[in-house]
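Hi there,

Here is the structure I promised to pass on to you. Please open it alongside this email, and my notes follow underneath.

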Amino acid sequence: MTTDYYYYEPEQGHGLPHNPLNAIIGPRPIGWISSVNEQGVANLAPYSFFNCFNYQPPIIGFASSGWKNSVENITRTGYFAWNLVTRELASAMNETSASVAAGVDEFALAGLTPAASRKIPVPRVSESPVNFECKLTQCIQLTNAAEEKLNTWLVLGEVVAVHIAAHLLEDGVYQTAKAHPVMRAGGPSAYYGIDESLRFDLIRPDDRG
């Protein structure tokens, strides 16, 4: 069977109604990042490019197109928190994506409640069932293959404290689908949820005994 492929070279453009990159690498977890400026004013913003990059110590990171308020705050203070976006919080998360002036409190803008963290001076989203408290490890300006600097910044942080709502743990195992997480997809407005009915299990070859 012969498979036809659509081919393009990103440098020449994709030639499609919408860039497919985001849809192919997806759905992706949302980096809902809280931070504070040097005056202590809170900032809360979602980032589409987010993931976990190391197990021990746990390191997570997000990429910001442009030097935005979150990056400015984090590089100055050295701290940030990640907050899980659930289906119930999707609209509030979307409100925090608005472009507002530095110093505007997005917690108040979206009607969310800041909760004090234990290890860092940055508030968590109280309504979110999972939060990571993080210390900045690296802020890297990305480059292209020609070693030209891009206006994109990768912020990495070590997770120093974790908060998990107790109802999401069953026999000590975190129940991903039970949290109703929301993930970013392709297109200007597409998001996805997950359902337990879609779960399947694979046993690693080394663990088969």
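Below is what I found, beginning with the sheet and then turning to the loops and the surface.

Please keep in mind that this is a predicted model.

**The sheet**

The main thing to look at is an open sheet of seven strands, in the order E3-E2-E6-E9-E10-E5-E4, with antiparallel pairing. At its edges are E3 and E4, each of which pairs on one side only. On average, neighbouring strands of this sheet are turned by 35° against each other, direction ignored.

If you would like to walk through the sheet from the E3 edge, these are the pairings I would check:

- E2 (residues 31-36) pairs with E3 in the antiparallel sense, over six bridges. Trp32 has Pro46 in E3 as its bridge partner.
- E6 and E9 are also antiparallel, with five bridges between them. Here Tyr79 has its bridge partner in E9, namely Lys135.
- E9 and E10 run antiparallel and are joined by 12 bridges. One pair to look for is Gln138 with Leu156 in E10.
- E10 (residues 149-164) and E5 run antiparallel too, joined by seven bridges. Phe62 has Val155 in E10 as its bridge partner.
- E4 (residues 50-54) and E5 are antiparallel and joined by four bridges. Cys52 stands opposite Ile60 in E5.

E5 itself, which spans residues 59-65, is mostly covered, with six of its seven residues buried.

There is also a helix to view together with the sheet. H2 (residues 69-77) lies across E2, E3, E5, E6, E9 and E10. Its direction is at about 55° to E2.

**Turns and loops**

Two hairpins are worth a visit. The hairpin from E4 to E5 goes through four residues. Pro57 lies in this loop between E4 and E5, and the peptide bond that leads from Gln56 to Pro57 is cis, with omega near 0°.

The other hairpin is formed by E9 and E10, with five residues between them. In its turn you will find Glu147, which has a positive phi of about 65° although it is not a glycine. Is Glu147 buried or exposed? Its relative accessibility is 68%, so Glu147 counts as exposed.

His180 is another non-glycine residue with a positive phi, in this case about 55°. You can find His180 in the loop between E12 (173-174) and E13 (183-184). Because its relative accessibility is 39%, His180 counts as partly exposed.

**A nonpolar patch on the surface**

Finally, please turn the model to Leu21, Ile24, Ile25 and Phe49. These residues form a nonpolar patch on the surface, and together they have about 390 Å² of accessible area. Phe49 comes from the loop between E3 (42-47) and E4, so the patch member Phe49 sits between the two strands in sequence. With a relative accessible area of 38%, Phe49 is partly exposed.

If you have only a few minutes, I would start with the strand order, then go to the cis peptide bond before Pro57 and the positive phi of Glu147.

Have fun with it, and do send me your thoughts.

Best wishes

Key:
Residues are numbered from 1 along each chain as its sequence is written. This is a predicted model: local features need pLDDT of at least 70, side-chain atom pairs count only at pLDDT 80 or more; totals for chains, interfaces and linings use all residues. Side-chain values use heavy atoms; hydrogens and water are left out. Buried means under 20% relative accessible area, exposed over 50%, partly exposed in between (1.4 Å probe, protein chains only). Two strands pair if DSSP finds at least two bridges between them. Patches are made of residues with over 30% relative accessible area and no salt bridge: like charges are joined within 9 Å, nonpolar side chains (Val, Leu, Ile, Met, Phe, Trp, Tyr) within 5 Å. Accessible areas come from the Shrake-Rupley method with a 1.4 Å probe; for residues, only the protein chains shown count as cover. A salt bridge is a side-chain nitrogen of Lys or Arg within 4 Å of a carboxyl oxygen of Asp or Glu. Axes are lines fitted to C-alpha atoms, for helices over the stretch in contact, and angles run from 0 to 180 degrees between N-to-C directions. Contact means heavy atoms within 4.5 Å.
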